[in-house]
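Biologist: Please take a close look at one part of this model for me, beginning with a single loop and working outward to whatever lies around it. I am in my first year, and it would help to have each term explained when it comes up.

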Amino acid sequence: MVNIKEKENKTMYSLIEMLRYRRPEGGVTQMNFCLRFLTPLFGGADMHGNYILSIPKSDGQQSNLCFTAHHDTVHKEEGMQKVFVKDNIAFVDDEKSNCLGADCTTGIWIMLNMIEAKVPGVYVVHAGEESGCIGSSRLVADEPEWLKSIDAVISFDRRGDNSIVTHQMSMRTASDEFAQSFSDAVGLPQLIADSGGSFTDSNEYCGVVSECTNISVGYRGQHSTKEIQDLDFVDLLVAKLIAADWSTLVFERDCTVTEYESDWWDYGYHYGHTYTSSSSSDPNVKHISDIIEDYPDELAKLLHEYGWKADEILSEIFEMDNYNETYGGNSNEVSNYIVRKGL
């Protein structure tokens, strides 16, 4: 018989080992990660790079729940990195690394534990989330047979330790009733409905699945050198997910109805902003643009604390398709700007 504490230490160690892989989409390190941690359980990937495994219910029927994560990270360079743990907080201390990569390594680790415990569900580890949810969008477009029986898509890809996301990019993707029932089912009252989600793979399913959410897994400072992972919280979360009574979940959202968070639409009127036809039609982009206008110094400090450099931000801007189409950006834009500004 395996000693429980020994097993816990071994499994937590595997999370630290998983975090060592820097995995930009399409890299060799990403492939090696998948071969080591996913292929032994999931088998090969589908044609879009997604790994899919179904664990049936006790009666042999497919589960109506889909659990998801993604196997790419926002690392700028591939390879291995040094991961450290202090006071049960994991962090990276490697000059070649621009982030820890707990987004979404932790989500995969959670799912591997649930699979080991034989929690019924369809488990999907998507490809290319950080590049625009490539794997999940293509999977949904394929309309696989198993998807027709799914009532909820639950991603493990949210920062913090208290969110059950109900809105992504200001659009409702999960009902408040579902959020409450999820909190009750796992026995973590600190998890509450969160209408401020950005987007992740579960968002791609919201047009065909009733409840599509994203759950906090305990990381903070994602996409930055200051990214950390709270190991105590994720250890607790896994135990609660394994012990949860999933039959108590409620499914209320009508996936054929589009509903937006009113606060996002009212933002312009409340703060005196007006939106013109030349601006983006995406309400989230409008919202962020107004925040930049109102709080430029605070946002600059925040980006600095997250490890972004001025030339890196400019490079990202000048590489955007809409910028190049509108302003004719070229490879000299960044260097010219830096010279003018004395950066």
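Modeller: Let us begin with His223, which is found in the loop between S14 and S15; here helices (H or I, at least four residues) and strands (E, at least two) are DSSP runs, numbered from the N terminus. The model is a predicted one, in which local features need pLDDT of at least 70, side-chain atom pairs count only at pLDDT 80 or more, and totals for chains, interfaces and linings use all residues. Residues are numbered from 1 along each chain as its sequence is written, and side-chain values use heavy atoms, with hydrogens and water left out.

His223 has a positive phi of about 65°, although it is not a glycine. This is worth a remark, since most residues other than glycine have a negative phi. With a relative accessible area of 31%, His223 is partly exposed, a term for values between buried (under 20% relative accessible area) and exposed (over 50%), found with a 1.4 Å probe on protein chains only.

The two strands on either side of this loop belong to an open sheet of 4 strands, with the order S5-S6-S15-S14 and antiparallel pairing. The edge strands are S5 and S14 (219–220), each of which pairs on one side only. Two strands are said to pair if DSSP finds at least two bridges between them. In general, the strands of a sheet pair through backbone hydrogen bonds, either parallel or antiparallel.

Following the sheet across, S6 and S15 (residues 228–230) are joined in the antiparallel sense over 3 bridges; Ala90 stands opposite Gln229 in S15, and Phe91 stands opposite Ile228. On its other side S6 pairs with S5 (residues 83–86), again in the antiparallel sense, over 4 bridges, and there Val85 stands opposite Ala90. S5 and S6 form a hairpin with 2 residues between the strands, in which Asp87 takes a positive phi near 55°. The side chains along S6 (residues 89–92) alternate: Ala90 and Val92 point to one face and are buried, while Ile89 and Phe91 point to the other face and are not buried.

Helix H7 packs on this sheet, touching S5, S6 and S15, and its direction makes about 50° with that of S15. Contact in this account means heavy atoms within 4.5 Å. Angles run from 0 to 180 degrees between N-to-C directions, and axes are lines fitted to C-alpha atoms, for helices over the stretch in contact.

H7 (residues 231–243) also packs with helix H4 (residues 102–116), at an angle of about 35° and with their axes 10 Å apart. H4 passes H7 in a right-handed crossing, which is the name used when the near helix is turned clockwise from the far one by less than a right angle, whereas an anticlockwise turn makes the crossing left-handed. From H4 the contact takes in Thr106, Trp109, Ile110, Asn113 and Met114, and from H7 it takes in Val234, Asp235, Leu237, Val238, Leu241 and Ile242. These residues divide into 8 nonpolar, 2 polar and 1 charged, where Ala, Val, Leu, Ile, Met, Phe, Trp, Tyr, Cys and Pro count as nonpolar, Asp, Glu, Lys and Arg as charged, and the others, Gly among them, as polar. An α-helix has 3.6 residues a turn, so residues three or four places apart point the same way.

Two further details of the backbone lie along H4 and just beyond. The peptide bond from Asp103 to Cys104 is cis, with omega near 10°, and Cys104 lies in H4. In the loop between H4 and S7 we find Lys118, whose phi is near 60°, a positive value in a residue other than glycine. Lys118 counts as exposed because its relative accessible area is 62%.

S7 (residues 121–126) is mostly covered, with 6 of its 6 residues buried. Gly121, Tyr123 and Val125 point one way from S7, while Val122, Val124 and His126 point the other way. S7 pairs with S2 (residues 51–55) in the antiparallel sense over 5 bridges, and with S3 (residues 65–70) in the parallel sense over 5 bridges. Ile55 stands opposite Gly121 in S7, and Cys66 stands opposite Val122.
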